[in-house]
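Morning, everyone. I'll keep this brief: strands, sheets, then cysteines. Have a look at the structure first.

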Amino acid sequence: MSRTLFKNLTIIDPNGESSLNLNTSIVCEDGIITEIGSLHSDLSNYHSVFDMNGKFVLPGMINAHNHLYSSLALGMPAPSTKPVNFVEKLQQVWWKLDLALDDASTHASFQVGLMSALQAGVTTIMDHHSSQNYIDGSIDHLVDVASNFGIRIGTAFETSDRNGEKVFESSLQENINSIEKYRSNPFVHPMMGLHASFTLSDNSLNTICNRLKEIDNPGIHIHVAEDKADHEDAVQRGYRSVIDRLNKTGIITKDSLLIHGIHLEHEDFEIIKDKGANLVHCPTSNAGNRVGKLSSQTVENLPVALGTDGKQANMLNEVNQAEIIRSSHIKGPDKNFDYPNLLFKNNSELVSRLFNQKIGRIKIGYQADLVMYEYNQTTELNESNIMSHVFGGFTSPSDVITRGKFRIKDNKFVNINKEDILANACQESAKLWKKIDKIG
């Protein structure tokens, strides 16, 4: 059993009884926090002792919905014809990207996305993957790369009818294989990935549902009512809403991840609560895609977690930008969402339940995922204003620890060659963009 002491810390636990603990320390054993305190006069009991020189420490952050496969999209040439709505944007941009991905470009995407996450202090990611011409073994590939980075990963491969029956069957089987292989892995939570209701027939939904019944359904990970087109498609098929359609198929179960939910109806709330499913809000993506904004009633009625939809890696930035986006649409006295609560409380509760571990708090018994910052305050810092400092002053962490081990130490990656990853990404992205250009 390996005991590690991190001493001389200022602990910030947004959900703790005391959100600010000065001049204290953390002890972890085999990746679990076992002690929090300040008296450690006998250092002989520890395998390793690290003096953190007063750094501020947050719990490792969680991204409840991401698309690591889109990591090489930054700077990608615009489509020749400008999309005029959400569906056209999918068709002309994202569905071409996922068709062009191969083994090498997918590897580069995973590496860049996970490296960016660590640099932003994100230690757990619920990913939703789509490489439609590289399916078999792609989830194994993701798990291997995530393991190298020490990041806890949720897996799901995007299943859809849009590329034909053979691709549908391969995608479905990739999810089934991953669920059977990884459901006992403490650092992987495999789920059934679906694109969205409007890209799946009733027959396909029934097929997926039947296959999941055979293996004890771990929950689906699906985009829901992101754009009005999804809702309108469900209505045209004879259903009241997307949630009504999925519910009547029997595919929504406990711990399913329903992403976006911009165009939910009030009747959908009770179905989601009754099934024990979770909604994940991706505010900057929603704003960028101009699909609308999540209603206040949704957050008041449902457990809502926070993700980025691949828009960015930094969860602190997601909160800052989300608050600005929402504030631009509300009048003076109206309340904004409590985005820090979504990030630090709801995300923690969500992944703790999914992984059946205590994740996302600095508390005894929780996973030793810690993010440390060198922060020179310019104004008073106290219990009442600590979140203002976190979201207004904290930039890149100097140290990131997962499973009790340094992944970034003193601003440098540990056992990760950043320069090689970036050089490879530049090469693979150039090839990828050329392939996208050739897709009709």
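**Strands, sheet and cysteines**

Let's start with one pair. Strand β5, residues 61-66, runs parallel to strand β6, residues 122-127, with 4 bridges between them. Keep in mind that this is a predicted model. Where does Ile62 find its bridge partner in β6? At Thr124. And β5 itself, is this strand mostly covered or uncovered? Mostly covered: 6 of its 6 residues are buried.

Now the open sheet. It has 8 strands, and the pairing is mixed. Reading across, the order is β3-β2-β1-β4-β14-β15-β16-β17. Which strands stand at the edges? β3, residues 32-37, and β17, residues 412-413. Each has a single partner strand, so one side of each lacks a neighbour in the sheet.

Further in, take β1 and β4. β1 covers residues 3-12, and β4 covers residues 48-59. These two pair in the parallel sense, over 7 bridges. To find the pairing on screen, go to Thr4: Ser48 in β4 stands opposite. A general reminder here: strands of a sheet pair through backbone hydrogen bonds, either parallel or antiparallel.

Last topic, cysteines. How many disulfides does the count come to? The count is 0, with a cut-off of 2.5 Å between cysteine sulfur atoms. Two cysteines are worth pointing out for their surroundings. Cys209 has 5% relative accessibility, so Cys209 counts as buried. Cys426 has a relative accessible area of 56%, so Cys426 is exposed.

That's my part. Over to you for discussion.

Key: Residues numbered from 1 in each chain as written. Predicted model: local features only at pLDDT ≥ 70, side-chain atom pairs only at ≥ 80, totals over all residues. Heavy atoms only, no water. Buried < 20%, exposed > 50% of the residue type's maximum accessible area, 1.4 Å probe, protein only. Pairing = 2+ DSSP bridges.
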